[in-house]
Amino acid sequence: MARLDPLLQAMVEKNAEELVLAHGSKPAFRFGEELTPVSKQELSQAQITALLSELSESIQPDSAVPPRGRFQYSSPDGRSFVCVIDSAEAGLTATVRPNAAVASPPAATEAAAAVPARPAVAPEASKVVSTQPRPDDPEIDRYLRKLVEMGGSDLHLSADEVPMVRHDGDMARLEGSSPLGPDKMMELLTAIMPEKNRGEYGQTHDTDFAYEIEGVARFRANVFTDRKGTGAVFRVIPAKVLTVEDLGLPQATLDMCQLSKGLVLVTGPTGSGKSTTLAAMIDHINRSRNDHIITIEDPIEFVHQNQKCLVNQREVHTHTEGFKKALRAALREDPDIVLVGEMRDLETIAIAIETAETGHLVFGTLHTTSACSTVDRIIDQFPADRQAQIRAMLSESLKGVVSQTLLKRLGGGRVAALEILVVTAAISNLIREGKTFQIPSLMQTGKKRGMRLMNDALIDLVRRKVIDPEEAYRKAIEKVGFANMLRSAGVKLSALPDV
């Protein structure tokens, strides 16, 4: 009998939608949008793999990361379940749900009770969708499949170098691979590069596009030229959009998803998980509201299927000329929510603020490191003679800022630390009056409203032993204050003399 069988039986009896097994979290039943823990023990990646190995012979109990995909499992009482395996920056996740395509028996019989724990079923039903290359795949798929197999986030290709991957934030050479010469690099990349991107690369020596291996993942690609020749970076975009429950986003971010109008920004450095957080928030809206969502992205990363909402996703340079033109057009397309993948220039920012002022909910991203610097960055984009007007507009339209950074999780994987600004009347006045330096003080006293400073988020992760104190100190922006927090918590870092 598999160790998960009692939980699967309880899931059916309680009419739960699925059993969720996530790295660093307690096993939980999903009821709609709510997750109900069913154990006090948080699971490691190795524990999840061991549990899954009892359900499918294609998973080895000592496997580092089981391949993405799905398989069917028949329990001893004859019920059929579907298990979906996914891995992302947050770690390994598996969900097990009743197989709707197979009718469940009314009750377990004596004959059913005699069925072995790992029943013999057709190989097609029990085998996980493989990340192994197929004969007709483009050659570059071999590297991308390996990237997904090992749970990496990025594949780096450089001329005359061995391919490298980023795994849990660290760079490492891809085992079993040889250096790729300049000609080989071009052969690999042009095989999958859209025609328009080939032309763009020929003219500007860099280009962005999206690429998908069906059943494995989507990838955001950038191809560029450096002193050695052609290079490329592929970022993994999980096939499954992680939900707000999967990411453990706080209630304040969910409240932002229920706004009827205003501007909400998700900020952070490159590779901090902004796209993942935004996708989870859009997914939450898609499941809980009845609205029209328009996304403007370069390129389209997470793909959202229509659920309760109608979702139109537009890709810059493919479906529209640019961000600002698409944002102007969106006003004539009857949207309720607009997502701007990147607020790159003054005009795009200005239109986004105007769109928020005209009664729409606008989500956007910026490469800033804190909530306070986000406000300053927006205002500083404009000429001095327009800044007073923009301050007034921003004070009315800005509703919230989520700033985040990714850190290495103890035991493997990565976790996001979030700084959250909820714009109150008092903060709105500070923005209007140009006193943004006082915002952190109000955030410190606004914890009941869901506000949180980055240092508070970091020290919380340290206290819960989710991250290493040195890793937290490295990522802290206001290091002196964070050093005092560590000292108060009784944490000593010998490598850092000022702590």
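Which strand is V223 found in? The legends below get to that one first, and they all describe a predicted model.

**Figure 1. V223 in its strand.** V223 is found in β11, the strand that covers residues 217-226. With a relative accessibility of 1%, V223 counts as buried, because anything under 20% does. Set aside the neighbours within four places in sequence, and the contacts of V223 are L189, M193, Y201, H205, D206, T207, F209, T230, G231 and A232. L157 is another residue to pick out in this view: its C-alpha atom is 9.2 Å from that of V223, with the two positions 66 residues apart along the chain.

**Figure 2. P163 in a loop between two strands.** P163 lies in the loop that links β7 (154-158) to β8 (164-167). Is this proline buried or exposed? P163 has 0% relative accessibility, so it counts as buried. Beyond its neighbours within four places in sequence, P163 is in contact with Y143, L155, H156, L157, A172, R173, L174, S177, S178 and L180. R173, one of those contacts, is 10 residues away from P163 along the chain, and the two C-alpha atoms are separated by 6.0 Å.

**Figure 3. Two charges sitting over tyrosine rings.** Y143, one of the contacts of P163, also has a charged partner: the charged end of R142 sits over the Y143 ring, 4.5 Å from its centre. Another case involves a lysine, with the charged end of K479 over the ring of Y473 and 5.0 Å from the ring centre.

**Figure 4. An aromatic pair, F29 and F31.** How many aromatic pairs does the structure hold? Just one. The ring centres of F29 and F31 are 6.5 Å apart and the planes meet at 85 degrees, so this pair is edge-to-face. As for accessibility, F29 counts as buried at 3%, whereas F31, at 32%, counts as partly exposed.

**Figure 5. Helices α12 and α14 crossing.** Helix α12 takes in residues 346-357 and helix α14 residues 384-397; their axes come within 9 Å and cross at roughly 45 degrees. That angle makes α12 and α14 oblique to each other, and their crossing is left-handed. On the α12 side, the residues to look for are L346, I353, E354, A356 and E357. They meet R386, I390, M393, L394, E396 and S397 of α14.

**Figure 6. Helices α14 and α15 packed together.** Here α14 turns up again, this time with helix α15 (residues 425-433). The axes of α14 and α15 are 8 Å apart, and the packing angle is about 165 degrees. Angles over 145 degrees count as roughly antiparallel, so that is how α14 and α15 run relative to each other. Their crossing is right-handed. R391, L394, S395 and E396 of α14 make the contact with S428, I431 and R432 of α15. L394 and E396 are worth a second look, since both are listed for α14 in its meeting with α12 and in its contact with α15.

**Figure 7. Stepping back to the whole chain.** How many helices and strands are there in the chain? There are 19 helices and 19 strands. The chain has 499 residues, of which 52% count as buried. Take the contacts between residues at least 6 apart in sequence, and 55% of them join residues at least 24 apart.

Technical notes: Residues are numbered from 1 along each chain as its sequence is written. This is a predicted model: local features need pLDDT of at least 70, side-chain atom pairs count only at pLDDT 80 or more; totals for chains, interfaces and linings use all residues. Side-chain values use heavy atoms; hydrogens and water are left out. Rings of Phe, Tyr and Trp (its six-membered ring) pair if their centres lie within 6.5 Å; planes under 30 degrees apart count as stacked, over 60 as edge-to-face and the rest as tilted. Buried means under 20% relative accessible area, exposed over 50%, partly exposed in between (1.4 Å probe, protein chains only). A charge sits over a ring if NZ of Lys or CZ of Arg is within 6 Å of the ring centre and within 35 degrees of the ring normal. Axes are lines fitted to C-alpha atoms, for helices over the stretch in contact, and angles run from 0 to 180 degrees between N-to-C directions. Helices (H or I, at least four residues) and strands (E, at least two) are DSSP runs, numbered from the N terminus. Angles under 35 degrees count as roughly parallel, over 145 as roughly antiparallel, 65 to 115 as roughly perpendicular and the rest as oblique. A crossing is left-handed if the near helix is turned anticlockwise from the far one by less than a right angle, and right-handed if clockwise. Contact means heavy atoms within 4.5 Å.
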